[in-house]
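This report describes how strands and aromatic rings are arranged in one protein structure. Please keep the sequence and the model in view while reading.

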Amino acid sequence: MITTDAAPFAIQLFARWSDMDFNQHMRNAAYLGASEDCRMRFLSERGFGVGELAWRRIGPVVLEDRLVYKKELPLLDGFRVDLVMAALTQDARRMKLRNTFHRDRDGALAATVESVVLWLDLDARRPVAPSQDLAAIWLGLARASDFEWYEDRGSAGPRL
C-alpha cells in the first residue's frame with residue numbers, strides 16, 4: 001500500500017537578477033524554471049536524478065503549463081516553492097503537478113503553476129508508464145485538496 005506524504009515537497013529560492021522582467025518583478029519563464037527545478041529536486045532526492053532517468057531511457061515531458069499570478073516577487077525576494085499532486089493516472093503515466101510560490105517575508109501566495117506532465121520512452125518516443133519504483137514516488141507525493149484521478153487511457157496519448 002502506498003501512503004502519501006503529509007506535507008508538500010518544498011524548496012527555498014530567491015528572485016535573481018536574470019529572473020526579472022521589464023517591470024522589475026519575476027518573469028513568467030522564471031516561475032516555470034523554478035517549478036522544473038522543484039520537480040527535479042524532488043526526483044533527485046528520491047534516487048531519480050538525471051543520470052538515473054537517462055540510464056532508464058525515460059524522461060518527463062511537459063504537455064501544458066498554466067500560471068496564475070497573485071503577488072509580485074521583486075529582486076532578491078526569498079520564496080518557497082511547494083509541490084503537490086493535483087491529478088494522476090493510476091499507473092502514474094500522466095499527472096498534473098501544482099507548484100505554489102510563497103513569499104518568505106509575509107507568506108503570501110505569489111503564484112501558482114500547474115503542469116501536465118507525462119513520461120516519455122526516450123527510444124520509442126511514446127508515452128510510457130514509469131517503473132513501479134518511480135510510479136510509487138509520484139503516488140506518494142502529497143495531494144492537493146482538489147486532487148482527482150485522471151482516466152487511464154493506457155498507451156493512448158500524443159505521439160511525440
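## Strand β3 and its surroundings

Ten of the eleven residues in strand β3 (residues 78–88) are buried, so this strand is largely enclosed by the rest of the structure. Here, buried means under 20% relative accessible area, exposed means over 50%, and partly exposed lies in between (1.4 Å probe, protein chains only). Helices (H or I, at least four residues) and strands (E, at least two) are DSSP runs, numbered from the N terminus. The model is predicted: local features need pLDDT of at least 70, side-chain atom pairs count only at pLDDT 80 or more, and totals for chains, interfaces and linings use all residues. Residues are numbered from 1 along each chain as its sequence is written, and side-chain values use heavy atoms, with hydrogens and water left out.

Which strands pair with β3? Strands β1, β4 and β7 are its partners, as the table shows. Two strands pair if DSSP finds at least two bridges between them.

| Pair | Sense | Bridges | One facing pair |
|---|---|---|---|
| β1 and β3 | antiparallel | six | F14 and G78 |
| β3 and β4 (residues 94–103) | antiparallel | nine | D82 and T100 |
| β3 and β7 (residues 143–149) | parallel | three | M85 and R143 |

In the hairpin of β3 and β4, five residues lie between the strands, and A92 takes a positive phi near 65°.

## Aromatic rings

A search of the whole structure finds seven aromatic pairs. Rings of Phe, Tyr and Trp (its six-membered ring) pair if their centres lie within 6.5 Å; planes under 30 degrees apart count as stacked, over 60 as edge-to-face and the rest as tilted. In one pair, the ring centres of F9 and F42 are 5.4 Å apart and the planes stand at 70°, so the pair is edge-to-face. F9 belongs to strand β1 (residues 9–14) and F42 to helix α1 (residues 28–44), so the pair ties together parts that are 33 residues apart in sequence. F9 and F42 are both buried, and they form one aromatic cluster with W119 and W138.

F147 and W149 also make an edge-to-face pair, because their ring centres are 5.1 Å apart and their planes are at 85°. F147 is buried at 18% relative accessible area, whereas W149 counts as partly exposed at 39% relative accessibility.

## Charges over rings

A charge sits over a ring if NZ of Lys or CZ of Arg is within 6 Å of the ring centre and within 35 degrees of the ring normal. R143 lies over the face of F147, at 4.6 Å from the ring centre. R94 lies over the face of Y150, at 3.8 Å from the ring centre.
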